[in-house]
Amino acid sequence: MSSSQRDTIGTPTWTIETGKPATTQVPRFADADEACQWLTSIHSELRAALHRHGSLHLRGLPIADTDDFAKVRDALVPRRTPYREKATPRSSYGNDVYSSTDLPPNQPIRMHNENSYTLTFPGLLLFACLTAPEEGGATPVADCREVLRRIPDDLVARMRSAGWLLTRNYSEHISLDWRTAFAAETREDVEKYCADNLVSCEWDASDGLRTRQLRPGTIRHPETGEEVWFNHMAFWNSWSLDEELRQTLLDEFGPDGLPFETALGDGAPLTREDIDAINAAYEGATLRETWQPGDVLLVDNVLCTHGRDPFRGDRRIVVAMGDPVELADCRPTVAPAPARREDQHA
């Protein structure tokens, strides 16, 4: 495609509809290579729109397989980010392209910012639809600036001052085992990672692992400077679980043995009302669009959360992560640190 052809095509016009992310119908291209030339030429316009909207839905790109998707990824997100401290199963298609998740289709995935609990996390996420589900299966998004505005002021103030605590238990019976989560072969590999990344860890007699970490719950975008709600506090809190499942897990593993649990950074437990308020804020800010083959969703991982709706039928959504961001560059109000058992109240 010549520069004159690109100029004729021009930059996208974004359609804003109630309840949907900013969306554009892309021009018709012969193949992914031609589409990538156009995407590269409008990179600065895309970044400006992304800062404005938090996520962008591009409809109609010629993406037939993971190779096409990798080309588009390299045009939009050239700097890659590894997936750290894994929490859900994914399939790898090579070249840093993954399935969005391999969790069962009947399970919704709540809103979250990817790797909000790590010291370095992806600044950009790129999703693409190779096969659209028969029903449901959207990748909803929510602007974290709007989420922050919707959360009660007292809870925001507590989060700014204390941050949040995350406790994880890794075993072969619940969640992921530690070898998978940390891509590690030995305990020493895990212990080094944890020491380097401000995570406390302890082992039990059956080779199970428990980790704890303190993280800030609000940060500022490294480029725009805007404050956002950025954490997994509601996502991994037991009050977010279905009540029957919650009680079953508590009966089986006890409050200190759950796969995930969160609290405020000063150790104070969260109430059901706290978690309900956070989840309501996410829901009130949620936008979604039905997937079609060739669709691409570009998400600023600091400005915007994402999730997954339940679905029926075959669904093949791929994802790539990049543009790494250092937590230290986001003006955190609480310094990250390892956490101990006594830091979390019963």
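Reader: Into how many nonpolar, polar and charged residues does the lining of the largest pocket divide?

Author: This is a predicted model, in which local features need pLDDT of at least 70 and side-chain atom pairs count only at pLDDT 80 or more, while totals for chains, interfaces and linings use all residues. Residues are numbered from 1 along each chain as its sequence is written, and side-chain values use heavy atoms, with hydrogens and water left out. Ala, Val, Leu, Ile, Met, Phe, Trp, Tyr, Cys and Pro count as nonpolar, Asp, Glu, Lys and Arg as charged, and the others, Gly among them, as polar. On that basis, the lining divides into 19 nonpolar, eight polar and six charged residues.

Reader: How much space lies in the largest pocket?

Author: A pocket is an open set of points on a 1 Å grid over the protein atoms alone, where a 1.4 Å probe fits and protein lies on both sides within 12 Å along at least five of seven lines. Grid points are joined across faces, edges and corners, and the volume is the space filled by probe spheres set on the points. For the largest pocket, this space is about 1000 Å³.

Reader: Which residues lie nearest the centre of the largest pocket?

Author: Lining residues have an atom within 4 Å of a point of the pocket. There are 33 of them here, and those nearest the centre are Q107, P108, R110, F235 and L241.

Reader: Which helices and strands each supply at least two residues of the lining?

Author: Helices (H or I, at least four residues) and strands (E, at least two) are DSSP runs, numbered from the N terminus. Those that each supply at least two lining residues are β4 (109-112), α9 (243-253) and α10 (272-285).

Reader: β4 is also part of an open sheet of four strands; which are the edge strands?

Author: Two strands pair if DSSP finds at least two bridges between them. In this sheet the order is β4-β16-β7-β14, with antiparallel pairing. The strands that pair on one side only are β4 and β14 (286-287).

Reader: Which residue of β7 stands opposite H306 in β16?

Author: Strand β16 (residues 304-308) is joined to β7 (residues 141-143) by three bridges, and to β4 by two, again antiparallel. On the β4 side, H306 is the bridge partner of H112. In β7, A142 has T305 as its partner, while the residue opposite H306 is V141.

Reader: Why is β16 largely enclosed by the rest of the structure?

Author: Buried means under 20% relative accessible area, exposed over 50%, and partly exposed in between (1.4 Å probe, protein chains only). C304, H306 and R308 point one way from β16, T305 and G307 point the other way, and all are buried. The strand is therefore largely enclosed, as the number of its five residues that are buried is five.

Reader: Which residue has a side chain in polar contact with that of D309?

Author: D309 is in the loop between β16 and β17 (311-312), and is buried at 16% relative accessible area. A polar contact is a pair of N or O atoms within 3.5 Å; within protein, one must be able to donate a hydrogen and the other to accept it, and residues adjacent in sequence count only if both atoms are side-chain atoms. At 2.8 Å, the side chain of D309 makes such a contact with that of R288.

Reader: What is the length of the polar contact between the side chains of R47 and E223?

Author: R47 is in helix α3 (residues 43-53). This arginine is buried, with a relative accessible area of 19%. Its side chain makes a polar contact with that of E223, at 3.1 Å.

Reader: How wide an arc do the buried residues of α2 cover around the axis?

Author: In α2 (residues 32-41), A32, A35, C36, W38 and L39 are buried. They are on the same side of α2, because the directions from the helix axis to their C-beta atoms cover an arc of only 160°.

Reader: Is A183, with its positive phi, buried or exposed?

Author: Most residues other than glycine have a negative phi. A183 has a phi near 50° and lies in the loop between α7 (178-182) and α8 (187-196). Its relative accessibility is 62%, so A183 counts as exposed.
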